[in-house]
Number of protein chains: 2
Amino acid sequence: MGPGPSDVSPEVLAALSRPTIGHLDPLFVGMMDEVKALLQYAFQTKNEFTIALSAPGSAGMEACFVNLVEAGQKVIVCRNGVFGDRMIQNVTRIGAEAIVVDSPWGRAVEVDKVEQALIDNPDAKFVAFVHAETSTGAVSDAKALCALAQKHDCLSIVDAVTSLGGIELKVDDWGIDAIYSGSQKCLSCVPGLSPLSFSDKAVNVIKNRKTVVQSWFLDQSLVMSYWSGEGKRSYHHTAPVNSLYGLHESLVQLHNEGIENSWARHQKQHDALAKGLEKLGIKFIVPKEERLPQLNAIYIPDGADDAKVRDYLLNHYNLEIGAGLGELAGKAWRIGTMGYGARSENIALCLSALEDALNQ
Amino acid sequence: MGPGPSDVSPEVLAALSRPTIGHLDPLFVGMMDEVKALLQYAFQTKNEFTIALSAPGSAGMEACFVNLVEAGQKVIVCRNGVFGDRMIQNVTRIGAEAIVVDSPWGRAVEVDKVEQALIDNPDAKFVAFVHAETSTGAVSDAKALCALAQKHDCLSIVDAVTSLGGIELKVDDWGIDAIYSGSQKCLSCVPGLSPLSFSDKAVNVIKNRKTVVQSWFLDQSLVMSYWSGEGKRSYHHTAPVNSLYGLHESLVQLHNEGIENSWARHQKQHDALAKGLEKLGIKFIVPKEERLPQLNAIYIPDGADDAKVRDYLLNHYNLEIGAGLGELAGKAWRIGTMGYGARSENIALCLSALEDALNQ
């Protein structure tokens, strides 16, 4: 119950150990088509370019920036936690300019500040933000931010690492242009893959670049033909076959449950956890209306020893909760209720175990 | 028995489905220390910087180039197949200059040509080559090439994707400065990880760079502290926990067998395969003394239908052999005898099945 990797179901773990077959085997290619369709469902998109990148979410982030942004361009980057900060580093390493819009840690991105930045920078080409800040537990208004981006003729780049599968996310309805996620959060697959989806508008930007993408491995123009349903699958790199077995299984589970039901389940388990934490006198970092149900960032109670409590939970209850990150290091704990981890028995265990740990 | 992913043992497959734990969990961190020690054994190195990169071999290649090479520098790149060509693309995307030394496909890199290029380019900083060309089945003289690089005050960058674990490879004895491999060849783990090792000299080059590494995800200066045995493990990205369970198990198996025994086993199984292929009248692409035991590139016999034969093997015998790549597409098959795949029963199956397929 840390900030991820989340609990992985026995079915997904079992899928991982199926015999490894070739990445160009027709059976495997057929499974990839299913992974693509299931990811389109999870993202709520018809985007033709919807894939699982063969590397973790941080590589998914980099793939969005290096494929879309060229040196010298301006990107509005919203920062309200660790991952917004990482976006800035991605932008500057391309030789592009990051116009940083800061919002307080533990709060949503302030939409009016972003609008002002867009007015002040009419030559900006992109708006980038984190939908669900894993470092603070705050959710931002992705729909409003993407509408703003469109109004100002910018493409939106959205970090959905912790949001995908856990809270409402509608790529097509909201007009998101580039989005990446991670396999190990609310999808409850093992870490190592990054679901990725680009709108046709984003794909056109990639196709009309003036300069070559600086990364060969992340150059999506080289990968498109491998994931495309038509013609010959050309070889780019060896796909992580077994991890994709796991992702396929976790996406099948999400599809079977129904994505709206998954969102509702995350909210329900969060409510139960929040109620119990309140009884223990524990306070959330994030105001209720900006709170992620799947990532519960709470203040470490006065007198409690950060590392000692986490060690106790791990050693006595086989239960992991996360430490604070960045500005919140030493001040916060992060309790994940993601994917397969968002179950009543986990909430009950966590509350009892935490109470015990705090009484030691 | 394609060019990889290779056959994965039941023990490695079973390891993959162990419960996912946190990437900062002390148990996991302890396992990472073991992975590091086992990789040092596999590479025959004491290099402190020896890790498994959280992405496939192509990302390992890129990690070597983007961390070591800076824009404007000269790199001697040896090309005798597809992967030498990919190295060139990596060099140019950094804004560095590739001095290309071409050797024929299906042959070893010509050492004297490399020496001439070094004489002609006294300002070159690196020599990059592929130890075992997966696209052609040729092995190059890594020891001689690294000695040349040292003589001319260059760092060596070596692709050992298909060589690691399958043929003699001695990073410290040969003075290799940067080397990358893949998990899915002679280590017989699942695809998705890239073992990586840098000499202290290479690490110093990274520490003294004038410019920032263009990739955030592949910037190894950010990863060093995560893999280091000392002090706090700082978070960089979420490690692919379950894939690392698999790599750990495959490295334990290699260690138990003994690396010299593994090299000898690959040679022995190759000899058996070569003898059988000869009986079938099939010819190798590569002359005997430059031939990789673990990757057998052969000419498609006259009158045989490339795709039809491979489909027949797959559908009737559940046996994969690889197609030709690049210049050899449509002209060659590639039979892998790598890692757990290098067993007598596989050789026997392959020879009988191929004979049957050719008689259809």
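**Entry 1: Ser262(B)**

I started with one residue and asked what surrounds it. Leaving out residues up to four places away in sequence, Ser262(B) touches Gly165(B), Leu254(B) and Glu257(B). I then looked up where this serine sits, and it belongs to helix H11 of chain B, residues 259–279. Is Ser262(B) buried or exposed? I found 21 C-beta neighbours inside 10 Å, so Ser262(B) counts as buried; the cut-off for that is 20 or more. I also checked a distance to Asn208(B), which is 54 residues away along the chain. The C-alpha atoms of Ser262(B) and Asn208(B) are 38 Å apart.

**Entry 2: how far to trust it**

A note to self: this is a predicted model. For chain A I get a mean pLDDT of 96, with 98% of the residues at 70 or more. For the model I wrote down ipTM 0.96 and pTM 0.97.

**Entry 3: chain A as a whole**

I went through the secondary structure of chain A and noted 13 helices and twelve strands. The radius of gyration of chain A is 20 Å, and the globule rule gives 21 Å for 360 residues, so chain A is as compact as a globular protein of that length. I drew a box around its C-alpha atoms along the principal axes and got roughly 60 × 55 × 30 Å. Of the 360 residues in chain A, 57% count as buried.

I was curious about contacts between residues far apart in sequence. Taking the contacts in chain A with a separation of 6 or more, 73% of them join residues 24 or more positions apart.

**Entry 4: Ala37(A)**

Next I picked a residue in helix H2 of chain A (residues 26–43), namely Ala37(A). There are 14 other C-beta atoms within 10 Å of Ala37(A), so I put it down as partly exposed. I also looked at Asp173(A), which is 136 residues from Ala37(A) along the chain. Their C-alpha atoms are separated by 17 Å.

**Entry 5: the nonpolar core**

Which residues have the most contacts inside the largest nonpolar core? They are Val75(A), Ile76(A) and Phe126(A), together with Val75(B), Ile76(B) and Phe126(B). That core has 239 residues.

I zoomed in on Phe126(B) and skipped its neighbours within four places in sequence. Its contacts include Val75(B) and Ile76(B), two names I already had from the core list. Phe126(B) is also in contact with Leu68(B), Val69(B), Cys154(B), Leu155(B) and Ile157(B).

**Entry 6: where the chains meet**

How many residues does each chain give to the contact? I noted 43 residues from chain A and 43 residues from chain B. On the side of chain A that touches chain B, the elements giving two or more residues are helices H1 (10–16), H3 (57–68), H4 (82–94) and H10 (241–257). The largest share there, four residues, comes from H4(A). By class, that side of chain A has 19 nonpolar, 19 polar and five charged residues.

Then I compared the two sides. I found that 100% of the interface residues of chain A are also interface residues in chain B, so the copies meet through the same surface.

**Entry 7: the symmetry**

I superposed chain A on chain B, and it takes a rotation of 180 degrees with 0.0 Å of shift along the axis (RMSD 0.0 Å). The two copies are therefore related as by a two-fold rotation axis. In chain A, the C-alpha nearest that axis belongs to Ala55(A), at 2.6 Å from it.

**Entry 8: odd backbone spots**

A reminder for this page: most residues other than glycine have a negative phi, and most peptide bonds are trans.

Where are the cis bonds I looked up? One runs from Gly4(A) to Pro5(A), with omega near 10 degrees, and Pro5(A) is in the segment before H1 of chain A. Another runs from Gly4(B) to Pro5(B), again with omega near 10 degrees; Pro5(B) is in the segment before helix H1 (10–16) of chain B.

For positive phi, I checked Ser188(A), which is not a glycine and has a phi of about 55 degrees. Ser188(A) sits in the loop between strand S8 (178–180) and strand S9 (194–198) of chain A. With 26 C-beta neighbours inside 10 Å, Ser188(A) counts as buried.

Asn318(A) is not a glycine either, and its phi is positive at about 55 degrees. I found Asn318(A) in the loop between helix H12 (306–317) and strand S11 (322–323) of chain A. Asn318(A) has 11 C-beta neighbours inside 10 Å, so it counts as exposed.

Methods
Residues are numbered from 1 along each chain as its sequence is written. Chains are lettered from A and ligands numbered from 1 in the order in which they are written. This is a predicted model: local features need pLDDT of at least 70, side-chain atom pairs count only at pLDDT 80 or more; totals for chains, interfaces and linings use all residues. Two residues are in contact if their C-beta atoms, placed from the backbone, lie within 7 Å. Ala, Val, Leu, Ile, Met, Phe, Trp, Tyr, Cys and Pro count as nonpolar, Asp, Glu, Lys and Arg as charged, and the others, Gly among them, as polar. Copies are superposed by least squares on the C-alpha atoms of residues with pLDDT of at least 70 in both. A nonpolar core is a set of buried Ala, Val, Leu, Ile, Met, Phe, Trp, Tyr and Cys residues joined through C-beta atoms within 7 Å. A residue is buried if 20 or more other C-beta atoms lie within 10 Å of its own, exposed if 12 or fewer, and partly exposed in between; C-beta atoms are placed from the backbone. pLDDT is the predictor's confidence in each residue, from 0 to 100. The radius of gyration is taken over C-alpha atoms; the globule rule is 2.2 Å times the number of residues to the power 0.38.
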